[in-house]
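Work through these exercises with the model open beside you. Try each task before you read its solution.

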Amino acid sequence: MAWSDRKRLYALYLRESGRRVGRALRAGGSRPLWWRRTTPDRLIVAPTDLRAIDPFVAEEILLGRFPLAGRVLETEGESPFEIDLPSRDFAVRLLSFSWVRHLRSVRDDAGPERLRMLVQEWIIAHGRPSGSISWEPDVAAQRVIAWLSHSPIILRNAEHPFYRRFLRSLGLQVRYLKRKAATTEDGEARLRLRIALAMASVAMPASAAALKKASRLLDEELDRQIWPDGGHCSRNPRVGLELLLDLLPLRQTYVNLGHSIPSRLIPCIDRMYPALRFFRHQGGELAHFNGATSALANELMSVLRYDETAGAPFKSLPHSQYERLQLEGVTLIVDTGKPASTALSRTAHAGCLSFEMSSGRHRFIVNAGSPKFASDRFRQLARATAAHSTVTVNDTSSLRFSASRFLGPVAVSGVSEVKAKREDTAGERESLVASHDGYLANFGLVHHRDLAIVSRGRTVRGRDRLSAADGTEPPATSTAVAAARFHIHPAITLRADGPHNVFLSAPDGETWLFSCHDAGIAIEEDVFFADPSGMRQSSQLVIGFPVASQPEIQWILTRQG
């Protein structure tokens with residue numbers, strides 16, 4: 001490990017130690033939260049849930065089976081909260097009560113009765129704050145939102161003792177979230193916690209001062225996490241969709257009750273819509289960068305139908321550091337950035353200068369994405385540069401992630417500077433020239449990538465080059481071997497035509513020819529992590545080149561027919 005990387009790692013250990021000490025001090029107090037018996041006397045409103053429902057899941061739950069997180073738990077008459085759960089992902093889904101929405105599809109009283117029993121079982125098993133998954137701030141925030149949004153189903157025909165017990169538990173969870181807000185890790189979880197508290201302040205009786213405080217704190221978090229270009233500070237395209245699914249009902253609840261809307265809420269929503277459309281391919285799918293996985297089409301449409309900012313997607317997201325090239329039905333979306341901070345790098349991917357390409361309604365070149373439900377091993381594999389459509393050097397990643405349990409999987413070294421410049425000609429050419437220094441410390445190399453859509457959208461040209469820090473050719477003694485990888489969407493069929501040409505064909509027959517005359521193109525097995533059905537076998541094109549003797553390759557995609 002380079003000395004500069006070692007110093008950075010030591011600094012991260014010291015910073016994390018200080019953060020944990022501060023969190024412990026702020027969380028101190030001699031009186032446990034659950035001793036405070038303040039209970040709301042009623043619920044005022046139930047915010048709408050925009051997420052999709054699945055009647056099949058509802059039927060399974062009524063039968064004692066829970067199909068969550070890619071697994072099925074057969075309870076055999078026992079409480080799901082008292083038995084071993086199949087995975088952490090499953091536990092998060094179960095304990096957050098995100099599945100409650102599916103029971104809206106049940107028309108008789110069987111749904112509410114079953115739901116009340118499950119709520120009661122959760123209160124008995126997990127009703128007091130603890131260090132378990134159930135009381136992780138993000139899980140608790142999701143549960144508060146779910147309980148508030150679906151309280152009409154949970155409380156339909158409920159007897160008074162259960163009604164009071166439900167309200168008492170909600171009150172306790174809200175107080176717990178207030179206490180945890182300042183020490184929750186930065187990112188999506190902290191913002192969702194503020195959304196849950198703002199939602200609780202309008203859905204449950206609260207003083208004018210409490211309403212104002214929840215609104216102010218939400219504003220502060222929105223301003224901090226939603227950048228001026230509408231992107232989220234995690235740089236994950238899917239986070240914007242997830243947040244909008246909660247922010248839109250919250251906005252409508254403020255309006256319906258006649259409360260003053262938080263001043264930053266509507267401007268932030270208006271900024272997030274263009275960013276969401278920026279990452280959307282023409283077929284409707286979101287691009288897979290920095291932890292993004294598959295998004296349900298009906299959830300995406302349920303959010304987009306409230307978009308009042310409709311228009312052509314931006315060409316750039318300067319704060320989020322992404323570029324979009326689009327010409328005559330061909331789209332390239334390119335990652336030209338790095339994690340915003342160490343804390344926000346826990347879910348970041350080493351995909352600098354990776355791109356996705358779509359033509360019409362088909363995605364041809366993609367990133368492998370992040371698995372929706374998988375072990376931590378697969379999640380870490382998906383973060384590697386090799387899982388992205390960009391260049392690796394000696395099979396290493398452009399970001400290096402910590403393996404320390406103390407620090408967590410944060411980025412500890414790698415990309416520190418990214419340069420990007422557009423060179424467009426209206427209606428004729430969309431192009432980007434970019435570089436990053438992620439391989440400089442270990443190999444003394446800078447990666448340069450040029451991308452362009454030309455010939456009225458019939459041709460995509462690319463160039464990948466490795467140089468010394470000053471832009472000159474690498475030393476002749478370099479032993480580095482580079483590999484340009486192009487991950488192919490599973491729906492695309494490949495057919496080699498000699499060592500330098502591969503045909504890429506979509507299901508409807510649209511075909512592109514991928515060519516590289518500087519080196520041979522290998523078709524290798526691959527895994528597409530972000531398929532809606534789970535991890536799926538796919539293929540990738542790999543062009544290897546020894547940096548010392550061949551520091552540059554050029555490749556081209558040409559539309560056929």
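**Exercise 1: A strand and its neighbours**

Strand 13 pairs with strand 14 (residues 459-467) through nine bridges, and the two run antiparallel. Two strands count as paired if DSSP finds at least two bridges between them. Helices (H or I, at least four residues) and strands (E, at least two) are DSSP runs, numbered from the N terminus. This is a predicted model: local features need pLDDT of at least 70, side-chain atom pairs count only at pLDDT 80 or more, and totals for chains, interfaces and linings use all residues. Residues are numbered from 1 along each chain as its sequence is written, and side-chain values use heavy atoms, with hydrogens and water left out.

Task: Describe how strand 13 is joined to strands 12 and 14, and how it is covered.

Solution.
- Step 1. Find a facing pair with strand 14: Val446 stands opposite Ser467.
- Step 2. Look at the turn. Strands 13 and 14 form a hairpin with four residues between them. Ser455 in that turn has a positive phi of about 55°.
- Step 3. Turn to strand 12 (residues 430-436). Seven bridges join strand 12 to strand 13, again antiparallel. Here Ser435 stands opposite His448.
- Step 4. Check the cover. Buried means under 20% relative accessible area, exposed over 50%, and partly exposed in between (1.4 Å probe, protein chains only). Nine of the nine residues of strand 13 (residues 446-454) are buried.
- Step 5. Sort the side chains. In a regular strand they alternate between the two faces of the sheet. Val446, His448, Asp450, Ala452 and Val454 point one way. His447, Arg449, Leu451 and Ile453 point the other way.

**Exercise 2: The whole sheet**

Task: In what order do the eight strands of the open sheet stand, and which strands are at its edges?

Solution.
- Step 1. Read the order: 11-12-13-14-21-18-17-16, with antiparallel pairing.
- Step 2. Go to the edges. Strand 11 (418-422) and strand 16 (493-496) each have a single partner strand, so one side of each has no neighbour in the sheet.
- Step 3. Add the twist, which averages 15° from one strand to the next.
- Step 4. Take one pairing. Strand 14 and strand 21 pair in the antiparallel sense over seven bridges. Gly462 stands opposite Trp555 in strand 21.

**Exercise 3: Aromatic pairs**

Task: Which parts of the chain does the pair of Phe66 and Trp99 tie together?

Solution.
- Step 1. Set the terms. Rings of Phe, Tyr and Trp (its six-membered ring) pair if their centres lie within 6.5 Å; planes under 30 degrees apart count as stacked, over 60 as edge-to-face and the rest as tilted.
- Step 2. Search the whole structure. It holds 19 aromatic pairs.
- Step 3. Take the pair of Phe66 and Trp99. It is edge-to-face, at 5.7 Å centre to centre and 85° between the planes.
- Step 4. Place the rings. Phe66 lies in strand 1 (residues 65-68) and Trp99 in the loop between helix 3 (88-96) and helix 4 (110-126), so the pair ties together parts that are 33 residues apart in sequence.
- Step 5. Check burial. Phe66 has a relative accessible area of 0%, and Trp99 has 0%.
- Step 6. Compare Phe486 and Trp555. Their ring centres are 4.9 Å apart and their planes at 75°, so this pair is edge-to-face. Phe486 lies in strand 15 (residues 481-488) and Trp555 in strand 21 (residues 552-559), so parts 69 residues apart in sequence are tied together. Phe486 is buried at 0%, and Trp555 is buried at 3%.

**Exercise 4: Positive phi**

Task: Is Glu328 buried or exposed? Is Leu353 buried or exposed?

Solution.
- Step 1. Recall the background. Most residues other than glycine have a negative phi.
- Step 2. Take Glu328. Its phi is near 50°, a positive value. Glu328 is in the loop between strand 4 (322-327) and strand 5 (330-335). With a relative accessible area of 53%, Glu328 is exposed.
- Step 3. Take Leu353. Its phi is positive, at about 70°. Leu353 lies in the loop between strand 5 and strand 6 (355-359). At 1% relative accessibility, Leu353 is buried.

Technical notes: Axes are lines fitted to C-alpha atoms, for helices over the stretch in contact, and angles run from 0 to 180 degrees between N-to-C directions.
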